[in-house]
Amino acid sequence: MCFVPRRSSEPPLDHGLIPWLGHALEFGRDAASFLTRMKAKHGDIFTVQVAGKFLTVLLDPHSYDSVVLESPDKLSFGEYAKILMERMFDVRLPDHNPAAEMKMFKMHLQHQSLQQLTGAMFGHLSSVLNSVPGTTWREEGLLQFSYSVMLRSGYLTLFGSESMQGSEVDLRHSLDIYNEFRKVDRLLMKSARGQLSALEKKEFSSVKENLWQLLDIDKLCKKPGRSKWLESYQRHLQELGVPTTMQSRAMLLQLWATQGNSGPAAFWLLLFLLKNPEAMAAIRAELENLLEGHEIRHLISQEMLDCAIVFNSALEESLRLTAAPFVTREVLADLPLNLADGRKYTLRRGDRLCLFPYVSPQMDPEIHQEPQMFQYDRFLSVDTSQKKDFYKAGRRVKHVSMPWGAGRNICVGKFHAMNSIKLFVWLMLLNFEFELKNPQETLPEFDKSRYGFGVVPPEGDVVFRYRRRYNQASTK
């Protein structure tokens, strides 16, 4: 299959030097650098061979809609998702319908349900943060802290409280979930690429077993504080005829899908703010203005979250710099691909198509001036309204950042995720003093092996100091 002749109408092909394996090692080691180099060599559309598979990569943001809006009968996300579900989580769902599942999730993660989720998340974030003892200075890794607080609170919000006995039980149980999840998370990328050693496979299997027990579907269904999202998803699995053991596996899949990016995203945003005093001051000032006449500890409205224009820009900027998902589709039939500038190509059935928005538009210097720099007001206009007009080659770019994907398979939980991150940062500002242990320390490098699966975590953690405020009435 590796030497099937390509047609002249297909994008330029780069086999790589190693038969069958092709560019798999480079791609897995640092996809961003590799694809940037391929773009310089071949242009903004090309095909590379990766472990026996032909992967066509499109890096022209003007043409992304031709992919993300195409019919799933021709370009399918579901087929690729099935491969990852089984390879990473041992999940096999009969008659799995991603479109129907997304419609169900949207009902419980957006619109009228969003306010209820926001209130629940606020309560659980408050509970987890309130468990931090005393007003003495403590030191901890910022990623460890952010990830723990976000995942534990998010888990309790969507999967429910453990009992009616009070928050102590929830705190202990959610900590167990977090600790086991981090063990799984460290091996997930190797699992997705089929690169686990024999010893790692054994460890991966053992930790997943632990989490399947913690996420046992029969236990989850008895939780008094479970969300409508959980109830609906469990009914959906029952209607598909999924056995209870497989339902517990699916819960781990959903734990990763709903919580796997929020911790790293919160980490990067807090770190950028700590490294940029002007940005931190602007966020504090906006929060003080929004709090005027309100008591945040009793009620926080969706309107307040939506009105945080400066915060929204800073969050979008942080995600532009750190979110690097692949937008992947399986090509189910020979398909013409018409690019925005008039070029025409043919996609071959059985190949895989991939967009990588991190390279363009997100880090494209023609679209974003000094793209490597964090500019908290990048997405603000002069009048402090949201800036929407960015250009490439003289044309307005529709997709200037794509941390949530786009089109038919855009992340339906994006609004809940953004609300959760904003709540976390606001509660940190209101309840804690915090600073970097070493303010001169440079930003950590990305864990480059994690490109393609959302927000890229750092290679190492950054130590920060924090303590509870004596007076929690102000952010100052």
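This is a short tour of a predicted model, with a selection to make at each stop.

**Stop 1: helix H2**

Select residues 31–42, which form helix H2. The helix has twelve residues and reaches 16 Å from its first C-alpha to its last, close to the 16 Å expected at 1.5 Å a residue. Now colour Ala31, Ala32, Phe34, Leu35 and Met38, which are buried. Looking down the axis of H2, you will find its buried residues within an arc of 165°, so they line one face of the helix. Ala40 and Lys41, on the other side of H2, are exposed.

What lies over the buried residues of H2? The cover includes strand S1 (13–14), helix H1 (24–29), strands S2 and S3, and helix H17 (358–362). Just after H2, select Gly43, where phi is positive at about 100°.

**Stop 2: strands S2, S3 and S9**

Select residues 45–50 for strand S2 and residues 53–58 for strand S3. S2 and S3 are antiparallel and pair over six bridges. Phe46 stands opposite Val57 in S3. The hairpin of S2 and S3 has two residues between the strands, and Ala51 takes a positive phi near 50° there.

Add residues 352–355, strand S9, which pairs with S3 over four bridges in the parallel sense. Val57 has a bridge partner in S9 as well, namely Cys354. Five of the six residues of S3 are buried, so this strand is largely enclosed by the rest of the structure.

**Stop 3: back to the loop before H1, then H17**

Select Trp20, in the loop between S1 and H1. Trp20 is not a glycine, yet its phi is positive, about 65°. Its relative accessibility is 47%, so Trp20 counts as partly exposed.

Go next to Pro361 in helix H17. The peptide bond joining Ser360 and Pro361 is cis, with omega about 25°. Then follow the chain to Glu370, in the loop between H17 and strand S10 (391–392). Glu370 has a phi near 45°, a positive value in a residue other than glycine. As background to these selections, most residues other than glycine have a negative phi, and most peptide bonds are trans.

**Stop 4: helices H12, H13 and H14**

Select Ser248, which is in helix H12 (residues 244–259). Is this residue, Ser248, buried or exposed? Its relative accessibility is 4%, under the 20% cut-off, so Ser248 counts as buried. Leaving aside residues up to four places away in sequence, Ser248 touches Trp212, Leu215, Asp216 and Ile217.

Now show residues 262–275 and 277–291, helices H13 and H14. They pack at an angle of about 110°, with their axes 5 Å apart. H13 and H14 are therefore roughly perpendicular to each other. To see where they meet, select Leu273, Leu274 and Lys275 in H13 with Pro277, Ala279, Met280 and Ile283 in H14.

**Stop 5: the sheet of S5, S13 and S12**

Three strands form an open antiparallel sheet here, in the order S5-S13-S12. Which strands are at the edges? They are S5 (138–141) and S12 (432–436), each of which pairs on one side only. Neighbouring strands of this sheet are turned by 30° against each other on average, direction ignored.

Add residues 463–468 for strand S13, joined to S12 by five bridges. Pick Glu433 and then Arg467, its bridge partner in S13. With these strands in view, show residues 414–431, helix H18, which packs on the sheet and touches S12 and S13. The direction of H18 makes about 105° with that of S12.

**Stop 6: Phe415**

Finish with Phe415 in helix H18. Phe415 has a relative accessibility of 35%, so it counts as partly exposed. Not counting residues up to four places away in sequence, Phe415 touches Gln110 and Leu114. For a last distance, select the C-alpha atoms of Phe415 and Lys437: the two residues are 22 residues apart in sequence and 32 Å apart in space.

Key: Residues are numbered from 1 along each chain as its sequence is written. This is a predicted model: local features need pLDDT of at least 70, side-chain atom pairs count only at pLDDT 80 or more; totals for chains, interfaces and linings use all residues. Side-chain values use heavy atoms; hydrogens and water are left out. Two strands pair if DSSP finds at least two bridges between them. Axes are lines fitted to C-alpha atoms, for helices over the stretch in contact, and angles run from 0 to 180 degrees between N-to-C directions. Contact means heavy atoms within 4.5 Å. Buried means under 20% relative accessible area, exposed over 50%, partly exposed in between (1.4 Å probe, protein chains only). The expected span of a helix is 1.5 Å times one less than its number of residues. The arc is that of the directions from the helix axis to the C-beta atoms. Angles under 35 degrees count as roughly parallel, over 145 as roughly antiparallel, 65 to 115 as roughly perpendicular and the rest as oblique.
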